[in-house]
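Reader: Hi! I have a new model open and would like to talk it through with you. Could you walk me round it?

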Amino acid sequence: MKRIEKKKHWNGYLLSFFLPILFLGIIMILTHVYPFGNNTVVVNDMKHQYLSLMTYFRNNITHPRNFLYSYQLGLGGNFFAAFAYYLSNPFNLLACLFPPSAIPLFFMINTLINVGWLGLTTYTLLSKSIYLNKNGSNGQYKVFWCLLLSLSFTFSAFITNYQLCVMWIDAVVLLPLVLLGLDRILYSPHKSTWLYWTSLAGLFLINWYIGIIVAFFLLTLMVFWTISMIIQKDFIDLLKKGIKVVLLTALSIGIGAVMLLPSYLAQRGVNQQGFKFTFSPVYQLHTLFHTLLTGNIADFTNPTIVPQEPLIFCGLFTVVLVVLFFMNKQIHLSEKLLSLGLLILLGCSTYFMGFYMIWHAFTMPNGFPQRESFVISLLLICIAYKAIGIFDQPKVEIKVGIACGIVLLITLMTAKSGAKFSLNEMFEIIGSLLLVIISAFLVNHHSNQWMGYGILGLIVLVNMGSYNYQIDKVHFSRMSSQAYSHVVSRYTKAIHQLEKQDSSFYRVGSNAELTANDPFTYNYNGVQAYISQQSTSMTDYISALGYYQKHSWYRFNTFNNGSTTAINDLLGFKYYLLASPQILKDTQKVNSTQTWNRGLNTSGIKLKDEFPGIEIYQNKMAFPLVFNVSKKTLSDIYQYNPQSNPFDYFNWILASIEGKQNWIYSNQNVYPMKSEVSNDISYHVRASANGNAYLYLSHPRALFLNASKPTNFLINKVNMGEYGGKNGYGDFISESSAKVKKSTLHFKMGNF
């Protein structure tokens, strides 16, 4: 008998790990993710930052000093903040088993393993917690309930929408163990503390940012636990256990300070919105209930539809169970009131700006809103689990019917308040509630219990599966696996061969970019443009030099190899990689910054070597060694303004080097002319001097940078090419080198 019970016990743990993997694996098959198709799990910041950083991690694992300072970061800088925020999880060592071109496959495996671990740790919390099981919520169907609710949290809105932020999910996996460790300290007669402090310390080491959010959550839980102990007048336990939790939490944070403190010091140069406590709302209140019932979808590629309300959806059935929690007579009134107060407080903390910013380390989150949502979802799951004992009570179908009626009433009130439910959403809500009532009726008749529980399980699987599928079918189709592999493998081979031929310090430029972080991807010294842990002064300085532009949420980076030949020479751009038309096509399939330009942006360079799809040119005018050595911050030297004329700044730089006011760049007259036939505008330049011609277009930071229609540019009446169209993000297509009246002018442009 004991052997059979032990086998069932372990079956639950195995199923909690492998069911989520199977669940997401089926979605990946349906959405044609490699190796089941040509899609990848890579989307948004995973493409723009995490792919490059993980490849850098893989390439430099035998050179740990490069995780402290990197020449691939900006013009060279402190890399530890990026390492601590993105790469400190030991699981990332498995990336070394994958070639650079297959890192998307590593992220796919990482995502699958994450949902498996999250299912397992959540199942462990639900099944082992003394507090959650003290009201008899552990009947013969305990394994079923633990599996069902752990699956609901594993595929909740936060996890689904933010699974691209692998460094966050890696840490969230440990949250259920932290809570289980806290449960053992507060409620277990055994003096076991190791689970709490080791899991919390590990969480801080893996991702200190999620650690800060969890620490605030733990503080909130301890406040409500203190209130409950005061109600019970158990002051001795309150003092003993409270001090123990405080000391162990301090120990965990102290261990995590190995990552937290150096990362904080390295990140101080990143400009962030200062903290100011206000009660201004973050979102409209009725949208909170809408997302709780149907879930919200965060499309991070379109800033206009990124939701500001919390990502707390963890299944419609979970909402029904939360309502049933407050109807369960086995649960004491004081516990119900404290749970309600905790839910209201956490809801307010997401709604009022002052509390909202506290969650995010007293600043405003950049790009990804409501990052604290996962703690609310897990709290809902725990409250729902406390309610399942009601299914063992007589006439359960009546109580379930009342709860479903309350949920339907909330739905109607939410719709009346302004939230828009689609027809399909209303059918799904009403149909699911009816099936819950039917399943409760079957559960109450013991001969049909298996059918009732089967319907409940089917409701959860369909509800969570349809929600996840509609998100993943969009996310997983954003990048072609074959195209990415082709581009990265070609560039990696070319860079490796170049390193064998020339071991000196130099920078490399390219006419084709996958992301702003290609130097990380291919492991060469370039001018890397942007990662979120990079100092703002460095980003602004690089922008002033023409290598990167930040316009609202759109980051323009195609100003290939900088704005002028002189700046390229000064920064040590010794080699240029010229991609073939086929590689340029593949970069479009990867949704990189658009470019079809194969014109050489620097005059006087000669072909050095050729590889399949790539030509390497050498620039013998490149300065041999350049990096930041100023004692002042770059912002003290130059304050970046996207609408200021960069060529005035270039003149100042070159004049400072030469020691005299000898302006190298002069303004030329530009005349816009409208076509009488199509009303299209072309720009005509009257060149009065020999040399390279550059076009500067002023563009406000807050506006989206795009030129959808092609615009022709003529120099001394000779058409030099067009800007816009399929090169709508700032690149220029050159017709050919044209003989003009003054000289042969090499035309090049960029947006600032």
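Author: Happy to; we can go through the overall make-up, some aromatic pairs, one sheet and a histidine. Keep in mind that this is a predicted model.

Reader: Good to know. How many helices and strands are there in the protein chain?

Author: The protein chain has 26 helices and 17 strands. Of its 752 residues, 57% are buried.

Reader: And what share of the contacts join residues at least 24 apart?

Author: That comes to 72%, taken among contacts between residues at least 6 apart in sequence.

Reader: Let's turn to aromatics. How many pairs does a search of the whole structure find?

Author: The search finds 54 aromatic pairs. Take Tyr 131 and Tyr 187: their ring centres are 5.3 Å apart and the planes meet at 25°, so this pair is stacked.

Reader: Where do Tyr 131 and Tyr 187 lie?

Author: Tyr 131 is in the loop between helix H4 (103–128) and helix H5 (142–154), while Tyr 187 belongs to helix H8 (residues 175–187). The pair therefore ties together parts that are 56 residues apart in sequence.

Reader: Is Tyr 131 buried or partly exposed?

Author: Tyr 131 is partly exposed, at 22% relative accessible area. Tyr 187 is also partly exposed, with 32% relative accessibility.

Reader: What sits over the ring of Tyr 131?

Author: The charged end of Lys 386 does, 4.4 Å from the ring centre.

Reader: Nice, I'll look at that one. Now Phe 325 and Phe 326: is that pair stacked or edge-to-face?

Author: Edge-to-face, because the planes of Phe 325 and Phe 326 are at 85°, with the ring centres 5.0 Å apart. Phe 325 is buried, with a relative accessible area of 1%, whereas Phe 326 is partly exposed at 29%.

Reader: Which residues form an aromatic cluster?

Author: One cluster is made of Tyr 50, Tyr 85, Tyr 86, Phe 158, Tyr 162, Trp 168, Trp 208, Tyr 209, Phe 368 and Phe 374.

Reader: Changing topic to sheets. What is the strand order in the open sheet of 4 strands?

Author: The order is E3-E6-E8-E7, and the pairing is mixed. Strand E3 (507–510) and strand E7 (606–611) are the edge strands, each pairing on one side only. From one strand to the next, the twist averages 25°.

Reader: Can you take me across it, starting from E3?

Author: Sure. E3 runs parallel to strand E6 (residues 573–579), and 4 bridges join them. Arg 507 has Phe 573 in E6 as its bridge partner. E6 is then joined to E8 by 5 bridges, and those two run antiparallel. There, Leu 578 stands opposite Glu 615 in E8.

Reader: And how do E7 and E8 pair?

Author: E7 pairs with strand E8 (residues 614–618) in the antiparallel sense, over 5 bridges. Lys 606 has Gln 618 in E8 as its bridge partner, and Asp 609 stands opposite Ile 616 in E8.

Reader: What about the hairpin of E7 and E8, how many residues are between the strands?

Author: There are 2 residues between them, and Gly 613 in this hairpin takes a positive phi near 85°.

Reader: Back to E3 for a second: which way do its residues point?

Author: Arg 507 and Gly 509 point one way, Val 508 and Ser 510 the other way, and all are buried. In a regular strand the side chains alternate between the two faces of the sheet.

Reader: Last one, His 684. Where is its place?

Author: His 684 is in strand E10 (residues 681–686). Its side chain makes a polar contact with the side chain of Ser 682, at 3.2 Å.

Reader: What does His 684 touch, not counting residues up to four places away in sequence?

Author: With those left out, His 684 touches Asn 669, Val 670, Tyr 671, Met 673 and Leu 714.

Reader: Great, thanks for the tour!

Conventions. Residues numbered from 1 in each chain as written. Predicted model: local features only at pLDDT ≥ 70, side-chain atom pairs only at ≥ 80, totals over all residues. Heavy atoms only, no water. Phe/Tyr/Trp six-rings, centres within 6.5 Å; stacked < 30°, edge-to-face > 60°. Buried < 20%, exposed > 50% of the residue type's maximum accessible area, 1.4 Å probe, protein only. Lys NZ or Arg CZ within 6 Å of the ring centre and 35° of its normal. Polar contact = N/O pair within 3.5 Å; in protein donor to acceptor, adjacent residues only side chain to side chain. Contact = heavy atoms within 4.5 Å. Pairing = 2+ DSSP bridges. Axes fitted to C-alpha atoms, helices over the stretch in contact; angles between N-to-C directions.
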